[in-house]
Structures are given as C-alpha cells and as structure tokens.
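Here is a short guided look at how some helices and aromatic rings sit together in one protein chain. Have the sequence and the 3D view open as you read.

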Amino acid sequence: AVVSTQSTGDGGDVLPIWQRVKNQYFWNENMLECLISVYARFPQLCDPWIIPVMQGYVEQAPVCPTEDPNPTVHGTLTVVSRRNKHRAGTRFKRRGIDEEGCPANFVETEQILTLGKQQLSYTIIRGSVPVYWYQPLTNYRPKPVILRSPDEALAAFRIHMDGLLESHRKVVVVNLLDSTGKEAPLGDEFAKVAYMYNNEHLTYIAFDFNEYCAGMRFDNVAVLLRELDPITDNYGFTHVVAGELKQRQEGAIRVNCMDSLDRTNVVQGSIARASLLNQALSLNIPADNIAEPGKLLWANNGDAISTQYAGTAALKGDYTRTGERGVAGMMRDGVSSVTRMYINVFRDTNRQAAIDIMQGLEPDISEIRDEKSEELDCIPGLIERGGCLLPTPADTKTHQIYKAWIAQEWPSGEALGVWLTPKSLSIVYSPDNIDTLHDHRL
C-alpha cells in the first residue's frame with residue numbers, strides 16, 4: 001500500500017525504491033536485470049538507472065473538507081491502481097489462474113484521502129476467477145470452458161488466497177457472475193473451490209449483477225452494499241496522522257465478473273464511495289464534498305484498467321461517472337463492444353507476445369502474424385464471431401467489402417446497431433425496436 005511505513009536497511013537507511021516495491025508490481029524488473037545483477041559491485045552507478053515501472057493508473061483531484069469557501073485546510077483524493085505482472089496479458093489470451101496461484105487481470109486499487117497531516121486509505125482488489133478456465137474466441141460472447149476439476153484447481157487457489165490473507169488478513173470474495181446461462185458453471189466452480197478451501201478468514205458472496213441490475217437499474221447495487229456493510233465496517237480503513245499509524249484496514253474485498261472490468265468497476269466504485277463516506281463521518285466533515293470527485297476518479301480508473309486488458313474504455317462507465325445510465329452511454333458501449341471484438345481478433349496476439357517478452361517469457365511464435373496483411377482476409381471471420389445479423393458479402397472492382405449488423409435491444413424497446421465494414425464502423429440508434437434499425441441506417 002502507498003500509505004505504509006518505508007522499509008529500511010540494517011543500518012536504518014532507507015532502501016532504494018526498487019528494493020522497497022512489491023515484486024509483483026515491478027513490471028520492468030526483467031528489463032533491468034543487467035543492472036540489478038551488478039548492483040552489489042556498483043551501487044552508486046546503477047541505482048539512478050534502476051527505476052521500477054508499474055502498470056496501472058494514478059489520478060488525483062482536490063477536495064474541500066468544509067463548506068467554507070476559503071478553507072484553512074486543503075485536501076486531495078487519489079486513486080492508485082497497480083496491476084500484477086504475473087499472468088499478465090490481454091482479455092482472451094489470459095484467463096483464470098496458473099500453477100503458481102497467479103490470476104489474470106489482478107489489480108490492487110487504493111483510494112487515498114489526504115487532509116493536512118492526515119491520510120486515510122482504502123484498498124480493494126480485483127482479479128479473474130481463480131480456477132483453470134478459458135474462453136475460445138468463437139463468437140461474440142463465448143461460453144467459458146473449465147479446464148480442471150475443483151480438486152485439481154484447489155492447490156493453485158490455495159496459493160492465491162493464502163497470499164491475499166497474508167497481505168490483508170481477511171478477504172471477502174464478491175462474485176458478480178450470472179447464476180444462470182453460460183456463466184453459471186464457472187461461478188459454481190468458483191464456489192466449490194472456495195468451499196473446499198474452508199478458511200474462516202475467507203467469505204464468499206455471489207451477487208448476480210445482471211439479474212439484480214436488469215433494465216439498467218444499477219442503483220440495485222445498494223442491495224449488495226447493505227450485505228457488505230457489517231463486513232466493511234469491521235474491516236475499516238487505514239488512518240495515518242503525521243506519519244503515525246492510528247488505524248489499519250483489517251481486510252479487503254476481492255471483486256470479479258467475467259472480465260473483471262465493467263460490472264466490477266461499477267461495484268468497486270460503489271464500495272469505495274461507501275468507505276469514503278465512512279471516513280468523512282469519522283472526521284466529521286461534509287461527505288458530499290469529498291465523495292463527488294471520487295466518481296470521476298473511479299470512472300477514469302475503470303477506463304484505464306479496461307484499456308490495458310481489453311483494449312477499450314470500460315462499459316457502463318457513464319453510471320460510474322454520473323450515477324445515471326442513458327442512451328449516449330449505451331451507444332458508447334456498443335462502439336466499445338465492437339472495438340473490443342476487433343482488437344481481440346486482430347491485435348491481441350501480438351500485444352500478448354510483447355507483454356511476454358517484456359516479462360522474460362517465451363512468446364508463442366506460432367501465433368504471431370503480420371496483422372495488417374490479414375485484416376481484410378479475416379473480416380468474414382470477425383463477422384461470424386461477432387454474432388452479427390444479416391452478413392452480406394458484396395464484390396467491388398477494387399476489393400471485397402463485408403457488411404453486417406451487430407445489434408442489441410434493451411427492455412425499453414430501444415435498439416442499437418453497428419454497421420461494420422473493413423473501412424468503416426457506423427452506429428445506428430432506433431427509439432422503436434430492433435426491427436426498425438434498417439430504417440435508421442446511416
């Protein structure tokens with residue numbers, strides 16, 4: 001955590017920053033190995049060049065702790081996310097957990113409120129469902145494939161959870177997967193392994209986000225927050241005054257959905273806001289003054305984490321940012337969904353290879369290809385995988401254009417369509433229903 005006591009050497013001197021960072025967030029460690037290996041012989045020469053780099057997100061916003069237009073104490077609210085370098089990669093290339101107990105898309109996020117000499121911190125984590133599974137990129141929403149039984153997954157699950165409990169002492173798992181349909185078997189597998197782990201300091205909660213929040217009723221996340229209230233009150237937050245630790249957060253909440261992006265962002269933002277309100281209450285300051293800036297920070301954080309893993313900003317970001325869900329947000333989500341599909345098909349193989357090389361791993365050379373030369377040839381496959389409506393290939397004098405609709409209809413009757421060709425992507429909105437999209441084609 002950022003709000004913590006610095007590690008020191010035997011003589012009491014502060015260690016170089018690269019020796020103080022947590023190894024799992026030291027993303028460029030492999031690239032600096034040539035300097036680290038000779039550091040003992042040439043410390044003064046090497047130290048300025050060994051600069052640890054993390055992947056994640058940092059943003060800070062000013063807050064006013066009082067209603068006074070000219071406050072004597074100014075404050076800041078900061079959000080810091082750190083992505084684990086182990087099992088790093090892209091959305092469909094890295095899922096689940098590995099033999100060393102490292103889950104994909106594992107991110108620790110810390111919210112820090114600073115008021116004068118006081119710092120109040122709250123940490124929350126996310127990560128892929130920690131069992132062995134993957135998704136074959138065969139259509140727009142592929143069914144997850146479970147690779148091993150709960151008995152076989154338990155060892156890696158135990159390593160992962162033991163590590164979390166060592167760092168946070170207590171952990172609540174909030175699983176947002178659907179309780180029915182394609183996601184249900186993966187959620188059941190997660191629950192079985194958590195039950196087999198059988199640790200009193202681990203609490204497992206299943207919350208079917210799509211069922212509770214159907215019809216864009218994202219405010220129903222309050223149902224989950226009420227269930228978490230006793231737990232979060234018990235876990236508290238970290239409070240430091242003038243460098244002295246007054247209170248320490250006694251547990252962490254681990255949130256996941258299928259990608260641990262969109263639904264996870266909504267829930268994590270809501271939980272963090274609840275913690276911030278508790279902090280304001282403990283300091284006896286107006287809650288809204290410090291909570292409102294947090295919406296923008298958490299929305300931007302969600303976009304950054306999503307871009308790193310899936311290639312686009314997060315879906316449902318308008319709710320995290322404003323607390324409301326509208327047509328404009330739905331249209332942005334439609335664009336992002338299609339863009340993700342394009343990136344997953346055409347870009348992620350080479351992106352994954354670059355990440356592997358950076359971490360000192362052997363990339364899968366057989367999958368690396370000249371993506372530019374294959375884009376037009378692969379458009380029919382993209383159309384098929386996207387679950388599009390009305391695929392209609394048409395020959396022209398210069399090249400082949402493949403057109404298709406990708407469409408979605410909401411309970412309100414409104415529909416959003418995407419007209420896709422190799423050269424363009426057009427968004428079409430119908431206020432009536434999905435059958436009238438053709439009438440509104442741009």
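## Helix packing and aromatic pairs

The protein's secondary structure comes to 13 helices and 15 strands. Please keep in mind that this is a predicted model. Of its 442 residues, 49% count as buried. Among contacts between residues at least 6 apart in sequence, 63% join residues at least 24 apart.

Let's start with two helix pairs. Two packed helices are described by the angle between their axes and the distance between the axes. The table gives both values for each pair.

| Helix pair | Residues | Angle between axes | Distance between axes |
|---|---|---|---|
| α4 and α5 | 150–168 and 184–197 | about 70° | 9 Å |
| α8 and α9 | 262–283 and 287–310 | about 155° | 9 Å |

**Helices α4 and α5.** With an angle of about 70° between them, α4 is roughly perpendicular to α5. The crossing of α4 past α5 is right-handed. On the α4 side, the contact is made by P150, D151, A153, L154, F157, R158, M161, D162 and L165. The α5 side brings in E189, F190, K192, V193, A194, M196 and Y197. Sorted by class, the residues of this contact are eleven nonpolar and five charged, with no polar ones.

**Aromatic rings.** Two of the residues just named, F157 and Y197, also meet as an aromatic pair, and the structure holds seven such pairs. A pair of aromatic rings is described by the distance of the centres and the angle of the planes. How are the rings of F157 and Y197 placed? Their centres are 5.6 Å apart and their planes stand at 75°, so the pair is edge-to-face. This pair links distant parts of the chain, with F157 in helix α4 and Y197 in helix α5, 40 residues apart. Both F157 and Y197 are buried. If you look around them, you will find one aromatic cluster formed by F157, F190, Y197 and Y204.

A second edge-to-face pair joins Y342 and F346, whose ring centres are 4.7 Å apart with planes at 65°. Here both partners lie in helix α11 (residues 327–346), four residues apart, which is about one turn of the helix. Are Y342 and F346 buried or partly exposed? Y342 counts as partly exposed because its relative accessibility is 25%, while F346 is buried with a relative accessible area of 1%.

**Helices α8 and α9.** Now back to the other row of the table. The helices α8 and α9 pack at about 155° and are therefore roughly antiparallel to each other. As α8 passes α9, the crossing is right-handed. From α8, the residues D262, N265, Q268, G269, A272, R273, L276, L277 and A280 take part. They meet A287, D288, I290, A291, E292, K295, W298, G302 and S306 in α9. This contact has eight nonpolar, five polar and five charged residues.

**A closer look at L276.** This residue is found in helix α8. L276 is buried, with a relative accessible area of 1%. Which residues does L276 contact, leaving aside its neighbours within four places in sequence? They are L77, Q111, L113, I290 and A291. Of these, I290 and A291 also appear on the α9 side of the helix contact. Another residue of that side, D288, is twelve residues from L276 along the chain, and their C-alpha atoms are separated by 9.6 Å.

Definitions and conventions:
Residues are numbered from 1 along each chain as its sequence is written. This is a predicted model: local features need pLDDT of at least 70, side-chain atom pairs count only at pLDDT 80 or more; totals for chains, interfaces and linings use all residues. Side-chain values use heavy atoms; hydrogens and water are left out. Axes are lines fitted to C-alpha atoms, for helices over the stretch in contact, and angles run from 0 to 180 degrees between N-to-C directions. Angles under 35 degrees count as roughly parallel, over 145 as roughly antiparallel, 65 to 115 as roughly perpendicular and the rest as oblique. A crossing is left-handed if the near helix is turned anticlockwise from the far one by less than a right angle, and right-handed if clockwise. Contact means heavy atoms within 4.5 Å. Ala, Val, Leu, Ile, Met, Phe, Trp, Tyr, Cys and Pro count as nonpolar, Asp, Glu, Lys and Arg as charged, and the others, Gly among them, as polar. Rings of Phe, Tyr and Trp (its six-membered ring) pair if their centres lie within 6.5 Å; planes under 30 degrees apart count as stacked, over 60 as edge-to-face and the rest as tilted. Buried means under 20% relative accessible area, exposed over 50%, partly exposed in between (1.4 Å probe, protein chains only).
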